[in-house]
Amino acid sequence: MAHCYYHALSSVRKWGGPVDDYLPLHQWFDQSKAILADPRHRALRHHTEGIFMLESMFGATIVNADGRTVPVRLVGEQHVREDLGFIPSFADWARLISSAAWMLKGNPLDEPARAAAGNAGAAGDEVLVRSRAGDGQPVRIAI
């Protein structure tokens, strides 16, 4: 489905009430379109954990305008199934992400303290505390 409104109409057919009862739930799933306006946006919320996140945001159930109690998890499952045909795990999405060099590069924030024959920290010694972000230059503190 292309728009949250149509997901909400589907929810109305399933559980009754007006579109406005369901629209906020379906909009939550598709908010990621704001940062990635193609189907890849679904990797952020269209999975099992996303459905449980929806439930933690909106509660276990909603009561629609017809007075019917509707489990939020079922609404989330409906949304994901309508978009993908099944409910993947996040691991299903993650397996499709190719690693890039920048993902694998580590930049330790803390450098080991400079120890001078075991008496680092003595009065007048300079101790390496950490590298500055970005330039890799050490920040030294004299104690």
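**Figure 1. Asp-38 and Arg-40 form a salt bridge.** The closest N and O atoms of the two residues are 2.7 Å apart. The coordinates come from a predicted model. Asp-38 is partly exposed, because its relative accessibility of 25% lies between the limits of 20% and 50%. Arg-40 has a relative accessible area of 53% and is therefore exposed, the limit being over 50%. A search of the whole structure gives 5 salt bridges, and two others appear in Figures 2 and 3. Side chains of opposite charge can pair when their charged atoms come close.

**Figure 2. Arg-42 and Asp-83 form a salt bridge.** Here the closest N and O atoms are 3.6 Å apart. Asp-83 belongs to helix 4 (residues 72–84), while Arg-42 sits in the loop between helix 2 (23–30) and helix 3 (48–58), so the pair ties together parts that are 41 residues apart in sequence. Are the two partners buried or exposed? Asp-83 counts as buried, with 13% relative accessibility. Arg-42 is also buried, at 16%.

**Figure 3. Arg-95 pairs with Asp-92 in a salt bridge.** The closest N and O atoms of this pair are separated by 2.4 Å. Arg-95 is exposed, with a relative accessibility of 60%. Asp-92 is partly exposed, and its relative accessible area is 26%.

**Figure 4. Ser-10 of helix 1 makes a side-chain polar contact with Glu-82.** Helix 1 covers residues 4–15. The polar contact joins the side chain of Ser-10 to the side chain of Glu-82 at 2.4 Å. Which residues does Ser-10 touch, leaving aside those up to four places away in sequence? They are Met-1, Gln-78 and Glu-82. Ser-10 has a relative accessible area of 12% and is therefore buried, the limit being under 20%.

**Figure 5. Gly-59 lies in the loop between helix 3 and strand 1.** Strand 1 spans residues 61–63. When residues up to four places away in sequence are not counted, Gly-59 touches Leu-54 and Val-72. Gly-59 and Val-72 are 13 residues apart along the chain, and their C-alpha atoms are separated by 7.0 Å. Gly-59 is partly exposed, with a relative accessible area of 27%.

**Figure 6. Ile-97, Trp-102, Met-103 and Leu-104 make a nonpolar surface patch.** The patch has an area of about 510 Å². One of its residues, Leu-104, is found in helix 6, which runs over residues 101–104. Leu-104 counts as exposed, with a relative accessibility of 64%.

**Figure 7. The whole chain, as context for the close-up views, has 6 helices and 4 strands.** In what order do the elements of the chain run from the N terminus on? The order is α-α-α-β-β-α-α-α-β-β. The chain has 143 residues, and buried residues make up 30% of them. Its accessible surface comes to about 9100 Å², and carbon and sulfur atoms account for 58% of that surface. Of the contacts between residues at least 6 apart in sequence, 42% join residues at least 24 apart.

How values were computed:
Residues are numbered from 1 along each chain as its sequence is written. This is a predicted model: local features need pLDDT of at least 70, side-chain atom pairs count only at pLDDT 80 or more; totals for chains, interfaces and linings use all residues. Side-chain values use heavy atoms; hydrogens and water are left out. Helices (H or I, at least four residues) and strands (E, at least two) are DSSP runs, numbered from the N terminus. Buried means under 20% relative accessible area, exposed over 50%, partly exposed in between (1.4 Å probe, protein chains only). Contact means heavy atoms within 4.5 Å. Accessible areas come from the Shrake-Rupley method with a 1.4 Å probe; for residues, only the protein chains shown count as cover. Patches are made of residues with over 30% relative accessible area and no salt bridge: like charges are joined within 9 Å, nonpolar side chains (Val, Leu, Ile, Met, Phe, Trp, Tyr) within 5 Å. A salt bridge is a side-chain nitrogen of Lys or Arg within 4 Å of a carboxyl oxygen of Asp or Glu. A polar contact is a pair of N or O atoms within 3.5 Å; within protein, one must be able to donate a hydrogen and the other to accept it, and residues adjacent in sequence count only if both atoms are side-chain atoms.
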